[in-house]
Amino acid sequence: MASSPSRVFAALLPAAGDIYRDKNEPGIGGHTVTVQRTQNSAREVQVTGSAEISCPADRATVSVSFRNSKESVNDVTNSISRRLEYILQTLRQHHVKGEELTVTRHIYRADDLYHMEALVMVVFSDFGQMERVCIVLLEKLDKSVCVSTPHFYHSEECLSLLRRSVCVAAVENARLKASEMSSMLGQTLGHPLLVREEEATERDGGREGGEGRMGEGVQRPSISATSRVFVTFNLRHKDRTRKKI
(Lines give C-alpha, C1' and ligand atoms only; values in the text may rest on other atoms or scores of the structure.)
Protein backbone atom coordinates (compact mmCIF):
# COMPACT_ATOMS: atom_id res chain seq x y z
CA MET A 1 0.00 0.00 0.00
CA ALA A 2 1.39 3.39 -0.98
CA SER A 3 0.17 6.73 0.30
CA SER A 4 0.81 10.27 -0.79
CA PRO A 5 1.51 13.15 1.60
CA SER A 6 -1.47 14.69 3.34
CA ARG A 7 -2.20 18.36 3.52
CA VAL A 8 -2.93 19.37 7.10
CA PHE A 9 -4.82 22.45 8.20
CA ALA A 10 -5.10 23.30 11.89
CA ALA A 11 -7.50 25.85 13.29
CA LEU A 12 -7.14 26.42 17.02
CA LEU A 13 -10.00 28.36 18.51
CA PRO A 14 -10.98 28.77 22.17
CA ALA A 15 -13.07 25.84 23.32
CA ALA A 16 -16.34 26.09 25.22
CA GLY A 17 -15.69 27.44 28.70
CA ASP A 18 -12.42 29.17 27.82
CA ILE A 19 -12.35 32.81 28.86
CA TYR A 20 -11.32 35.19 26.15
CA ARG A 21 -12.23 38.52 27.76
CA ASP A 22 -12.80 40.03 31.21
CA LYS A 23 -14.75 43.24 31.59
CA ASN A 24 -15.87 45.13 34.69
CA GLU A 25 -19.36 46.52 34.33
CA PRO A 26 -21.46 48.44 36.88
CA GLY A 27 -24.06 46.26 38.55
CA ILE A 28 -27.29 46.88 40.34
CA GLY A 29 -27.02 49.22 43.35
CA GLY A 30 -23.59 50.44 42.32
CA HIS A 31 -21.83 47.08 42.92
CA THR A 32 -19.15 46.05 40.43
CA VAL A 33 -19.77 42.73 38.56
CA THR A 34 -17.00 40.84 36.74
CA VAL A 35 -18.37 39.49 33.45
CA GLN A 36 -16.52 36.46 31.99
CA ARG A 37 -17.44 35.87 28.34
CA THR A 38 -16.77 32.57 26.61
CA GLN A 39 -16.70 31.64 22.96
CA ASN A 40 -18.48 28.37 22.12
CA SER A 41 -16.20 27.29 19.30
CA ALA A 42 -14.51 23.88 19.04
CA ARG A 43 -10.89 23.28 18.16
CA GLU A 44 -10.45 21.09 15.10
CA VAL A 45 -7.87 19.81 12.65
CA GLN A 46 -8.62 19.09 8.98
CA VAL A 47 -6.63 16.50 7.04
CA THR A 48 -6.58 15.01 3.55
CA GLY A 49 -5.14 11.51 3.28
CA SER A 50 -4.68 9.08 0.41
CA ALA A 51 -3.83 5.42 -0.17
CA GLU A 52 -3.29 2.97 -3.02
CA ILE A 53 -3.75 -0.81 -2.92
CA SER A 54 -3.20 -3.38 -5.69
CA CYS A 55 -5.06 -6.67 -5.86
CA PRO A 56 -4.45 -9.61 -8.25
CA ALA A 57 -7.30 -11.44 -9.98
CA ASP A 58 -9.03 -13.96 -7.72
CA ARG A 59 -10.92 -16.00 -10.36
CA ALA A 60 -10.07 -17.85 -13.56
CA THR A 61 -12.10 -19.71 -16.16
CA VAL A 62 -10.83 -22.66 -18.16
CA SER A 63 -12.71 -24.26 -21.05
CA VAL A 64 -12.37 -27.89 -22.14
CA SER A 65 -13.72 -28.52 -25.63
CA PHE A 66 -13.91 -31.69 -27.74
CA ARG A 67 -15.78 -33.02 -30.76
CA ASN A 68 -16.42 -36.19 -32.71
CA SER A 69 -18.17 -37.40 -35.86
CA LYS A 70 -20.01 -40.68 -36.43
CA GLU A 71 -22.42 -42.21 -38.92
CA SER A 72 -25.25 -42.45 -36.39
CA VAL A 73 -26.62 -40.23 -33.65
CA ASN A 74 -26.21 -42.94 -31.01
CA ASP A 75 -22.58 -43.55 -31.86
CA VAL A 76 -21.55 -39.90 -31.72
CA THR A 77 -23.61 -39.29 -28.57
CA ASN A 78 -22.07 -42.26 -26.76
CA SER A 79 -18.56 -41.23 -27.78
CA ILE A 80 -18.99 -37.68 -26.51
CA SER A 81 -20.78 -38.84 -23.35
CA ARG A 82 -17.93 -41.18 -22.37
CA ARG A 83 -15.38 -38.42 -22.75
CA LEU A 84 -17.60 -35.95 -20.94
CA GLU A 85 -18.13 -38.34 -18.02
CA TYR A 86 -14.37 -38.77 -17.62
CA ILE A 87 -13.88 -35.00 -17.53
CA LEU A 88 -16.66 -34.53 -14.97
CA GLN A 89 -15.28 -37.37 -12.86
CA THR A 90 -11.85 -35.73 -12.88
CA LEU A 91 -13.39 -32.43 -11.76
CA ARG A 92 -15.29 -34.14 -8.93
CA GLN A 93 -12.12 -35.91 -7.77
CA HIS A 94 -10.46 -32.49 -7.51
CA HIS A 95 -13.40 -31.12 -5.49
CA VAL A 96 -14.83 -28.86 -8.17
CA LYS A 97 -18.43 -28.08 -7.24
CA GLY A 98 -21.35 -28.40 -9.61
CA GLU A 99 -22.15 -24.68 -9.47
CA GLU A 100 -18.62 -23.89 -10.63
CA LEU A 101 -19.02 -25.52 -14.05
CA THR A 102 -21.33 -25.45 -17.06
CA VAL A 103 -21.70 -28.01 -19.84
CA THR A 104 -23.01 -27.33 -23.34
CA ARG A 105 -23.44 -29.78 -26.23
CA HIS A 106 -24.34 -29.24 -29.86
CA ILE A 107 -25.10 -31.83 -32.55
CA TYR A 108 -25.55 -31.30 -36.27
CA ARG A 109 -25.40 -33.27 -39.53
CA ALA A 110 -23.04 -32.56 -42.45
CA ASP A 111 -21.58 -34.67 -45.27
CA ASP A 112 -23.67 -37.70 -44.26
CA LEU A 113 -22.14 -37.67 -40.77
CA TYR A 114 -23.42 -36.62 -37.37
CA HIS A 115 -21.12 -34.18 -35.60
CA MET A 116 -21.25 -33.35 -31.91
CA GLU A 117 -19.33 -30.68 -30.04
CA ALA A 118 -19.14 -30.31 -26.27
CA LEU A 119 -17.77 -27.57 -24.05
CA VAL A 120 -17.09 -27.67 -20.30
CA MET A 121 -16.48 -24.26 -18.69
CA VAL A 122 -15.00 -24.28 -15.18
CA VAL A 123 -14.54 -21.36 -12.77
CA PHE A 124 -11.62 -21.69 -10.36
CA SER A 125 -10.74 -19.68 -7.26
CA ASP A 126 -7.98 -22.12 -6.24
CA PHE A 127 -5.29 -21.80 -8.90
CA GLY A 128 -3.34 -24.80 -7.59
CA GLN A 129 -6.47 -26.89 -8.05
CA MET A 130 -6.86 -25.46 -11.57
CA GLU A 131 -3.31 -26.46 -12.49
CA ARG A 132 -3.75 -30.03 -11.24
CA VAL A 133 -7.01 -30.50 -13.16
CA CYS A 134 -5.57 -29.18 -16.41
CA ILE A 135 -2.48 -31.37 -16.15
CA VAL A 136 -4.55 -34.53 -15.59
CA LEU A 137 -6.82 -33.78 -18.54
CA LEU A 138 -3.91 -33.01 -20.85
CA GLU A 139 -1.99 -36.13 -19.82
CA LYS A 140 -4.93 -38.55 -19.98
CA LEU A 141 -6.92 -37.22 -22.95
CA ASP A 142 -4.04 -35.74 -24.90
CA LYS A 143 -5.11 -34.33 -28.28
CA SER A 144 -8.70 -35.56 -28.03
CA VAL A 145 -9.54 -32.43 -25.99
CA CYS A 146 -8.54 -28.79 -26.15
CA VAL A 147 -7.81 -27.18 -22.78
CA SER A 148 -7.72 -23.39 -22.97
CA THR A 149 -5.27 -21.15 -21.18
CA PRO A 150 -6.81 -19.63 -18.02
CA HIS A 151 -8.74 -16.39 -18.32
CA PHE A 152 -8.22 -14.43 -15.09
CA TYR A 153 -10.61 -11.82 -13.74
CA HIS A 154 -11.71 -10.08 -10.54
CA SER A 155 -14.93 -11.17 -8.86
CA GLU A 156 -17.40 -8.56 -7.61
CA GLU A 157 -16.64 -9.62 -4.02
CA CYS A 158 -12.93 -9.00 -4.61
CA LEU A 159 -13.51 -5.55 -6.13
CA SER A 160 -15.90 -4.56 -3.34
CA LEU A 161 -13.36 -5.57 -0.68
CA LEU A 162 -10.60 -3.70 -2.52
CA ARG A 163 -12.64 -0.48 -2.64
CA ARG A 164 -13.49 -0.65 1.05
CA SER A 165 -9.93 -1.50 2.05
CA VAL A 166 -8.31 1.38 0.18
CA CYS A 167 -10.80 3.88 1.60
CA VAL A 168 -10.18 2.63 5.14
CA ALA A 169 -6.42 2.83 4.55
CA ALA A 170 -6.75 6.44 3.36
CA VAL A 171 -8.72 7.35 6.50
CA GLU A 172 -6.13 5.64 8.69
CA ASN A 173 -3.32 7.59 6.98
CA ALA A 174 -5.22 10.80 7.60
CA ARG A 175 -5.77 9.88 11.26
CA LEU A 176 -2.09 9.11 11.83
CA LYS A 177 -0.97 12.41 10.35
CA ALA A 178 -3.64 14.36 12.21
CA SER A 179 -2.51 12.70 15.43
CA GLU A 180 1.10 13.76 14.83
CA MET A 181 0.03 17.30 14.02
CA SER A 182 -2.18 17.62 17.09
CA SER A 183 0.62 16.32 19.30
CA MET A 184 2.97 18.92 17.85
CA LEU A 185 0.41 21.61 18.68
CA GLY A 186 0.11 20.39 22.27
CA GLN A 187 -3.34 18.94 21.74
CA THR A 188 -4.94 15.48 21.88
CA LEU A 189 -6.77 14.15 18.83
CA GLY A 190 -10.47 13.64 19.48
CA HIS A 191 -13.35 12.08 17.58
CA PRO A 192 -13.81 12.51 13.83
CA LEU A 193 -16.38 15.17 12.99
CA LEU A 194 -16.48 14.63 9.22
CA VAL A 195 -15.21 11.93 6.85
CA ARG A 196 -15.63 12.46 3.11
CA GLU A 197 -14.15 10.45 0.25
CA GLU A 198 -13.23 13.04 -2.36
CA GLU A 199 -11.77 10.79 -5.05
CA ALA A 200 -11.73 7.07 -5.87
CA THR A 201 -10.07 5.63 -8.97
CA GLU A 202 -9.18 2.21 -10.37
CA ARG A 203 -6.62 1.34 -13.03
CA ASP A 204 -4.84 -1.63 -14.55
CA GLY A 205 -2.11 -2.58 -12.13
CA GLY A 206 -0.10 -4.76 -14.50
CA ARG A 207 0.30 -8.52 -14.53
CA GLU A 208 1.92 -11.10 -12.32
CA GLY A 209 3.70 -14.12 -13.79
CA GLY A 210 2.36 -17.57 -13.01
CA GLU A 211 4.20 -20.32 -11.18
CA GLY A 212 4.31 -24.08 -11.46
CA ARG A 213 4.16 -26.38 -14.49
CA MET A 214 1.56 -24.22 -16.24
CA GLY A 215 3.04 -20.93 -15.08
CA GLU A 216 5.07 -19.89 -18.10
CA GLY A 217 3.15 -17.41 -20.20
CA VAL A 218 0.20 -17.40 -17.78
CA GLN A 219 -0.15 -14.06 -16.03
CA ARG A 220 -2.65 -12.80 -13.50
CA PRO A 221 -3.85 -9.23 -14.04
CA SER A 222 -4.09 -6.90 -11.07
CA ILE A 223 -6.11 -3.77 -10.34
CA SER A 224 -4.80 -0.77 -8.41
CA ALA A 225 -7.37 1.28 -6.50
CA THR A 226 -6.69 4.72 -5.00
CA SER A 227 -8.71 6.76 -2.56
CA ARG A 228 -8.41 10.32 -1.24
CA VAL A 229 -10.37 11.40 1.80
CA PHE A 230 -11.00 14.59 3.74
CA VAL A 231 -11.35 14.18 7.50
CA THR A 232 -12.05 16.66 10.28
CA PHE A 233 -11.19 15.78 13.90
CA ASN A 234 -11.85 17.72 17.05
CA LEU A 235 -8.98 18.56 19.38
CA ARG A 236 -8.81 18.31 23.16
CA HIS A 237 -6.38 19.84 25.65
CA LYS A 238 -3.81 17.37 26.92
CA ASP A 239 -4.18 18.84 30.43
CA ARG A 240 -7.88 18.73 31.17
CA THR A 241 -7.31 19.98 34.71
CA ARG A 242 -5.64 23.22 33.77
CA LYS A 243 -7.03 26.26 35.54
CA LYS A 244 -8.95 28.84 33.60
CA ILE A 245 -8.19 32.49 34.22
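**Exercise 1. An acidic loop residue**

Asp112 counts as exposed, because its relative accessibility is 65%. Working on this predicted model, place Asp112 in the chain and find which residues form a negative surface patch with Asp112.

*Solution.* Begin with the secondary structure: Asp112 sits in the loop that runs between strand S6 (101-110) and strand S7 (113-124). Asp111 is found in the loop between S6 and S7 as well, and with a relative accessibility of 72% Asp111 counts as exposed, because the threshold for that class is over 50%. Next, turn to the backbone, where Asp111 has a phi near 55 degrees, a positive value in a residue other than glycine. Finally, consider the charges: Asp111 and Asp112, together with Glu71 and Asp75, form a negative surface patch.

**Exercise 2. A second positive phi**

Where does Asp142 lie, and is Asp142 buried, partly exposed or exposed?

*Solution.* The residue is placed by its flanking elements, since Asp142 belongs to the loop between helix H2 (127-141) and strand S8 (146-147). The relative accessible area of Asp142 is 48%, so the residue is classed as partly exposed. As for the backbone, Asp142 has a positive phi of about 50 degrees although it is not a glycine.

**Exercise 3. Salt bridges between strands**

How many salt bridges does the structure hold, and which parts of the chain are tied together by the pair Glu52 and Arg203?

*Solution.* The general background is that side chains of opposite charge can pair when their charged atoms come close. In this model the count comes to nine salt bridges, and three of the pairs are worked through here.

1. The side chains of Glu52 and Arg203 meet in a salt bridge, with an N to O distance of 2.5 Å. Since Glu52 lies in strand S4 (residues 44-56) and Arg203 in strand S10 (residues 187-209), this pair ties together parts that are 151 residues apart in sequence. Glu52 is partly exposed because its relative accessible area is 22%, and Arg203, with a value of 46%, is partly exposed too.

2. The side chains of Glu117 and Arg67 meet in another salt bridge, for which the N to O distance is 3.6 Å. The pair links distant parts of the chain, with Glu117 in strand S7 and Arg67 in strand S5 (residues 59-70), 50 residues apart. Glu117 is partly exposed, with a relative accessible area of 27%, whereas Arg67 is exposed, with a relative accessible area of 58%.

3. Glu199 forms a salt bridge with Arg228, and the closest N and O atoms of this pair are 3.5 Å apart. Because Glu199 lies in strand S10 and Arg228 in strand S11 (residues 219-237), the pair ties together parts that are 29 residues apart in sequence. Salt bridges that share partners join Glu199 and Arg228 with Arg196 and Glu198 into one network. Glu199 is partly exposed, at a relative accessible area of 39%, and Arg228 likewise counts as partly exposed, at 28% relative accessibility.

**Exercise 4. Cysteines without a disulfide**

How many disulfides does the structure hold, and why does Cys158 count as buried?

*Solution.* The structure holds zero disulfides. Cys158 is accordingly in no disulfide, and the nearest cysteine sulfur, that of Cys55, is 3.3 Å away. The step of reasoning rests on the cut-off, because a disulfide requires a pair of cysteine sulfur atoms within 2.5 Å. Cys158 counts as buried because its relative accessibility is 11%, and buried means under 20%.

**Exercise 5. A buried contact and the overall fold**

Which element holds Ala60, and in what order do the elements of the protein chain run?

*Solution.* Ala60 lies in strand S5, and with a relative accessible area of 0% the residue is buried. The C-alpha atoms of Ala60 and Phe152 are separated by 4.2 Å, although these residues are 92 residues apart along the chain. Moving from the residue to the whole, the protein chain contains three helices and 11 strands. Read from the N terminus on, the elements run β-β-β-β-β-α-β-β-α-β-β-α-β-β. Of the 245 residues of the protein chain, 33% count as buried.

Conventions:
Residues numbered from 1 in each chain as written. Predicted model: local features only at pLDDT ≥ 70, side-chain atom pairs only at ≥ 80, totals over all residues. Heavy atoms only, no water. Patch = residues over 30% accessible without salt bridge, like charges linked within 9 Å, V, L, I, M, F, W, Y side chains within 5 Å. Areas by Shrake-Rupley, 256 points an atom, 1.4 Å probe, with all protein chains shown as cover. Salt bridge = Lys/Arg side-chain N within 4 Å of Asp/Glu carboxyl O. Lys, Arg positive; Asp, Glu negative; His and termini not counted. Charge placed at Lys NZ, Arg CZ, Asp CG, Glu CD. Helix = DSSP H or I, 4+ residues; strand = E, 2+ residues; numbered from the N terminus. Buried < 20%, exposed > 50% of the residue type's maximum accessible area, 1.4 Å probe, protein only.
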